Amino acid sequence: MSPHLAGGSSSSSGSRHGAHASSVPLRRGLPLPPACPPSGAFAGGPAPCGWGCQCRGRSAAKALLSVAALTWLSAGGGQPPVAPSSVVSPGARGLGGARACGGTASSAAPAFAVARAKVPCRPRSAKGRRREPLVQRPQPPPGADASTPMVKRDLKVPLFYQVSFAEEQDARRAPEELDGSVLGGSTLRVVYNTRGWRKTFVNVQGVPRGISEEELRDHFALVGKPNKVVRFEDTLYGEVRFKKADDAWNARVTLDGSVLFNKVLRVELDCSTDFMNKVLVHGINPGVAWQELKDHFKQAGEITFAAIHGGPTARVLFQTRDAAVRAMKRRNRSKLRGTTNAIHVALPFEGTEDSAEVRVRGLPLGVTAEAIEKHFAECGSIASVRIEVEPLPPEFCE
């Protein structure tokens, strides 16, 4: 039997600092290479792998040694090839029973011990601690004060416009000719609005903030004379929760870019939960209710929850508790004058038993405090009306 395949070792093999490679204990019937190169082999600089004279990197060397040894055995076994001592890999150091640095090199090192020298590794300091990582951290721009903390980017709510025409035929022709056109480097989405009682205006999405009203008028003058241009902040968004995560992903793929009540939807997968079964929907028409949102998305899978958030929310404070209760009974699911969407009136989440304040949601964009106060006047004496806007998720901000 070849001495390289023997299971025993010489008398000096029990010491970690053996005098020769032949005294290194054999592991699993395979020979082990010498521990490290001869003393002064790298006198002109650090070791090629960057470890210096530290006996490190045992796990990586073991893995490479095992692969090379299995390749050698599958080729027929026998006496392993010999590599010159001048190219012995320092990565072969630190294996079980190997010598410390500064020992005598052996000319009987297997050739597969050289493989570790080709693998780049992270340098260490003289005391064995790691230096800075190979991937550098992002640096502040030139001329900036490094001591100044990074400032968060100011996120903007997207805008959408309603452009009305003098003639209904011009409004119907605008989506055919201008949907997908480019204005200010952005692609416009134009949809004819059939939701309201007027049939002469279109919804426009994707208009950059730098575009003025006159530039938008000139763009739509290609199909007809615009009569009025109204700008809104697109603050409404929906939440749709599915029973299965695959259904949520299916909704993200198939319904992103679909049209619901004359507006183009943008669908994003909500990654804030571990279940990954919820999507967020932006671009909702102010007149859309949560039932209509659910009906639009049920084609993707079974839905367990649907809701609409964002937009203007009013806080109406009455003089008495009885007036607030009366407002919830009489004005819930009612409609403001001149609008088509129903409002929802309820106590605030943080309200107490004796609270005289109600929360009003589902309000149309551009609603005023005077219109709300007039709508609730017959319920009781009103102390104040405050309009708030629920923040939009950052996924949909510009």
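## Two pockets, one helix and a buried asparagine

The second largest pocket of this predicted model has a volume of about 540 Å³. Its lining is made up of 28 residues, and Trp290, Ile308, His344, Arg361 and Gly362 are the closest to the pocket centre. Several elements build this wall. Helix α5 (290-297) and the strands β14 (303-309), β15 (311-318), β16 (344-346) and β17 (357-361) each supply at least two lining residues. Strand β14 gives the most, with four residues. By type, the lining of the second largest pocket holds 14 nonpolar, eight polar and six charged residues.

The largest pocket encloses about 750 Å³ of space. It is lined by 27 residues, and those closest to its centre are Gln162, Arg198, Gly338, Thr339 and Pro364. Strands β3 (159-165), β7 (201-205) and β8 (226-233) each contribute at least two residues to the lining of the largest pocket. Two domains take part. Domain 1 (157-233) and domain 2 (235-397) each provide at least three residues of that lining. The lining of the largest pocket splits into nine nonpolar, 13 polar and five charged residues.

The table sets out the make-up of the two linings.

| Pocket | Nonpolar | Polar | Charged |
|---|---|---|---|
| Largest pocket | nine residues | 13 residues | five residues |
| Second largest pocket | 14 residues | eight residues | six residues |

Next comes helix α3, residues 213-220. Which of its residues are buried? They are Leu216, His219 and Phe220. Why do they lie on the same side of α3? They cover an arc of only 90 degrees around the axis, and that puts them on the same side. An α-helix has 3.6 residues a turn, so residues three or four places apart point the same way. The face of α3 turned away from the buried side carries Glu214 and Asp218, which are exposed. The buried residues of α3 are covered by elements that include α2 (168-178), β4 (182-183) and β6 (189-192). Strands β3, β7 and β8 are also part of this cover. These three strands each supply at least two residues of the lining of the largest pocket as well.

One loop residue completes the picture. Asn193 sits in the loop between β6 and β7. Is Asn193 buried or exposed? Its relative accessible area is 3%, under the 20% cut-off, so Asn193 is buried. Leaving aside residues up to four places away in sequence, Asn193 touches Gln162, Arg198, Phe201, Val202, Asn203 and Asn262. Among these contacts, Gln162 and Arg198 also belong to the residues closest to the centre of the largest pocket.

Notes
Residues are numbered from 1 along each chain as its sequence is written. This is a predicted model: local features need pLDDT of at least 70, side-chain atom pairs count only at pLDDT 80 or more; totals for chains, interfaces and linings use all residues. Side-chain values use heavy atoms; hydrogens and water are left out. On a 1 Å grid over the protein atoms alone, a cavity is a set of points where a 1.4 Å probe fits but cannot get out, and a pocket is an open set with protein on both sides within 12 Å along at least five of seven lines; lining residues have an atom within 4 Å of a point. Grid points are joined across faces, edges and corners, and a volume is the space filled by probe spheres set on the points. Ala, Val, Leu, Ile, Met, Phe, Trp, Tyr, Cys and Pro count as nonpolar, Asp, Glu, Lys and Arg as charged, and the others, Gly among them, as polar. Domain bounds come from an automatic or database domain assignment. Buried means under 20% relative accessible area, exposed over 50%, partly exposed in between (1.4 Å probe, protein chains only). The arc is that of the directions from the helix axis to the C-beta atoms. Contact means heavy atoms within 4.5 Å.
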